[in-house]
Amino acid sequence: MNDLHKNHSPQLLPAPNNHNTGINKLKRALAYKLFYQMGKTTRSVSLNDYYLAAAYTLRDRMQPLFINSSELYLEGSSRIVSYLSAEYLPGPHLHNNLINLDLLDPMRQAVAETGLDLNAIIGVEEEPGLGNGGLGRLAACFMDSLATLQIPAIGYGIRYEFGMFDQELENGWQVELSDRWLRGGNPWEIKKADLAQEVGFGGRTETYHDQNGDLRIRWWPARVISGIPYDTPIPGYRVNTVNTLRLWSAEAPKSFNFEDFNVGDYIGAVAEKISAENITKVLYPNDKKYAGKLLRLEQQYFFASCSLQDMLRIHLFSHDSLSNFHQSFAVQLNDTHPAIAVAELMRLLVDVHLMEWEQAWHVTTRTFSYTNHTLLPESLEKWQLSMFSSLLPRHLEIIFEINRRFLDIVRLKFPGNQEIVTQLSIIDETGPRYVRMANLACVGSHTINGVSSLHTRLLKEKTLAPFDRLWPKKIISITNGVTPRRWMLVTNHRLCTLINKTIGEDWITNLEYLTQLAPLAEDANFREAWHNARLENKKDFSELTKKQLGVTLNPYALFDVHVKRIHEYKRQHLSLLHIITLYNRLKEHPEQCFPPRVFIFGGKAAPGYWMAKLIIKLITSVAAVINKDPDVKGRFKVIFVHNYNVKTGHALFPVADLSEQISLAGTEASGTGNMKFAMNGALTIGTLDGANAEIREEVGAEQFFLFGLNVQEAEALMQNSYRPLDYYNRNPELKKAIDLISSGHFSHGDQQLFKPLIDELLYRDRYLLMADYESYIDCHDKVGAAFEDRQRWSRMSILNVARMGRFSSDRAIKEYCRSIWQVKPFPVDLKWKRVPEGGIIFPVVDE
């Protein structure tokens, strides 16, 4: 379990006073930053200024560790993990960094003595919305664990100027606003313009003979842009390692054309600048139209090319040849977005560094590994050949050659089997021709991994079944995990304080140690302390909700939380059917007893996803009616928390009593929200989908509210002419809930508003809500009965947390290191230090 730490015990940072971080020095540093760096006095300073001062002060204290860690990259003494991800959702940095550097209490005291509240300062920080959901959050958790485990790593991505949109609600409908996360300044990043890389697009290719007379191909791009890296330090927990998150921003090599300007063409003078900067302008442009698709492909190639060129630069700093590049870097492709990197590395090795094809392919296939994150065929990216050729002509030639050689191998393995040749081909020839990026990633990687046991089994049996037939041992399973530093220490101070007082702090880096809590589930005093800690969290949240939403919540109610991306397969509307069923029961039998409930929804719908937006409208409409109905009398409330993000998650995960993980079995790859909720003491109601099955196995069936069809049952039902209307007709409660929506009860009498959603459920129902409804309602009745027994519920909550050790991202990273990357911890020795006099960096000299 802890093999990575056998001979590499964490090098704890010295106590704050030994690092010149006493309270008075912190206060002086804050004042210095405000006055000298930001030009502020007490008359003009704002709360955001205090946040910036605190962040710059902390960054200064990270810098020696950051520089020493970065030196490892150039020494070439350890293999470096390069994590290529189009998304990162790190969340606010200040609180997390203070915890990891063991400076939270000193900074809190220094700020307090200045007359301020550190929590208020922490709350000001803008969250970098550089991701859409679980994919980006997983990447951020992995970066935290890599640093904590002292694994040299660089996370490569895109510095989107406008990240995931901010969500507002107007009349219950989602409205998207631009995410201006950089407007107040980003004190954590350091621009490294001297490490810029050039990236080409379009143009043509030509053949020529090199100095040895060998035939070569040269690419002449039609346009070239610059990729400028911005580095953000990612500190590990109480170790010297501070890894790098390197995000690329696109700029024009020549941002202003004086000739155009002088003749009055003012737009043309900056056209090149605008065109280049558009590439990193926004996260995930709307790709419903051709221009959006083209821009998305440009983004993916841009950051893959910049990152690989950067890795080659680092390797050549300490090596004379690229033949052993794969021994310097282990490159992980986080889903298909960076899959173009396979063709780009081949181009760089063969065309730029004149390596022979066979040797280049040997290096390439030993460099890359690929994580698949989806079972949905529509989520496996593919690009039309015509578009791909116009943007990346040389890469298409390389992909054709990779495919030709690969399919020759396939034909030898499966002679005469044209069907499997068609399935495995990187080029989709079944209709309009496409480049299949998942196939390219599979062919160019030495290992493919799924992100839960169920997901991996379904990859082998369905999504990537032909590849499993070709390479039976290539697809492995590594279940996702989340970092307990962010999702327990930052999120749930009260519960963590109780845990620390009870079993110590070793669990923070070895989450399996939480098993020491299990016997305490039988201790009445501990159960009471546990209940009170969680109740105080709910009281704080209720106060916050009253201030921000004007809704009064009962903190003693069961908090039933369903927050995640809004999508039909995640089945938020199944939760709504349960709420409407309870509402109907209450209207018919007001004397009926059940525990009070607070239903909390949150999540964003993709801007072009109409049905998901309609689901949000239905949630807010149901909330508007139920919350004002005098017959309900406060027995339950429904709220939608808008603009769900990492910061919102900090508030929601500690207060949930029940975690809704109700996607149709076989549709979710893993999920990580399920892990965060359980780590914070929530019980789960869920299907056997994603990592739910493994969570249930670990925490025990008695602590998990299971309902619904399993994968085999769902598939059998869909293959046997599934008729959702039959379920509607034979279940009176389901019929009544659907009919109440259709009647216009939640839409001011408008019977057309939600008709598309109702028609989808009655006549198609791709995600089998109607089939799972009865089981879901019955399971919720069991939830209500369990919650009424406070001692039983607290016992179950404690056991949930005690048995969640397997779902730390530290465990996941150890498995990647052992099974895929072949890397070991490499502790950072402080060869460079900060000398206070003058603030100059000098090498450490042994005396």
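Which residues form one aromatic cluster with Trp821? I looked this up first, keeping in mind that the model is predicted, and found that Tyr83, Phe142 and Tyr816 form one aromatic cluster with Trp821.

**Entry on the aromatic pairs.** I then turned to the pairs of rings, of which the structure holds 25. I took up Phe707 and Tyr776, which form a tilted aromatic pair with 4.9 Å from centre to centre and 50 degrees between the planes. I noted that this pair links distant parts of the chain, since Phe707 is in the loop between β23 (704-706) and α28 (711-719) while Tyr776 is in helix α32 (residues 769-788), the two being 69 residues apart. I also checked their exposure, and both Phe707 and Tyr776 are buried. I went on to Tyr816 and Trp821, whose aromatic pair is stacked, at 5.0 Å centre to centre and with 25 degrees between the planes. I record Tyr816 as buried because its relative accessibility is 0%, and I record Trp821 as buried because its relative accessible area is 0%.

**Entry on charges over rings.** I looked up two lysines that lie over aromatic rings. I found the charged end of Lys538 over the ring of Phe559, 4.7 Å from the ring centre, and I found Lys676 over the face of Trp487, at 4.5 Å from the centre of that ring.

**Entry on helices α1 and α2.** I asked at what angle helix α1 (residues 23-37) and helix α2 (residues 47-75) pack. I read an angle of about 115 degrees for α1 and α2, with their axes 9 Å apart, and I noted that the crossing of α1 and α2 is right-handed. On the α1 side I listed Lys25, Leu26, Ala29, Leu30, Lys33, Leu34 and Gln37, which meet residues of α2 that include Asp49, Tyr50, Ala53 and Arg61. Sorting the contact of α1 with α2 by class, I have 8 nonpolar, 2 polar and 5 charged residues.

**Entry on Phe325.** I placed Phe325 in helix α11 (residues 325-328), and then asked whether Phe325 is buried or exposed. I count Phe325 as buried because its relative accessible area is 0%, which lies under the 20% cut-off. Setting aside neighbours within four places in sequence, I found Phe325 in contact with Met311, Leu312, His315, Leu345, Val363 and Thr367. As a last look-up I took the separation of Phe325 from Asn100, and these two residues are 225 residues apart in sequence and 32 Å apart in space, C-alpha to C-alpha.

How values were computed. Residues numbered from 1 in each chain as written. Predicted model: local features only at pLDDT ≥ 70, side-chain atom pairs only at ≥ 80, totals over all residues. Heavy atoms only, no water. Axes fitted to C-alpha atoms, helices over the stretch in contact; angles between N-to-C directions. Helix = DSSP H or I, 4+ residues; strand = E, 2+ residues; numbered from the N terminus. Left-handed = near helix turned anticlockwise from the far one by under 90°. Contact = heavy atoms within 4.5 Å. Nonpolar A, V, L, I, M, F, W, Y, C, P; charged D, E, K, R; others polar. Phe/Tyr/Trp six-rings, centres within 6.5 Å; stacked < 30°, edge-to-face > 60°. Buried < 20%, exposed > 50% of the residue type's maximum accessible area, 1.4 Å probe, protein only. Lys NZ or Arg CZ within 6 Å of the ring centre and 35° of its normal.
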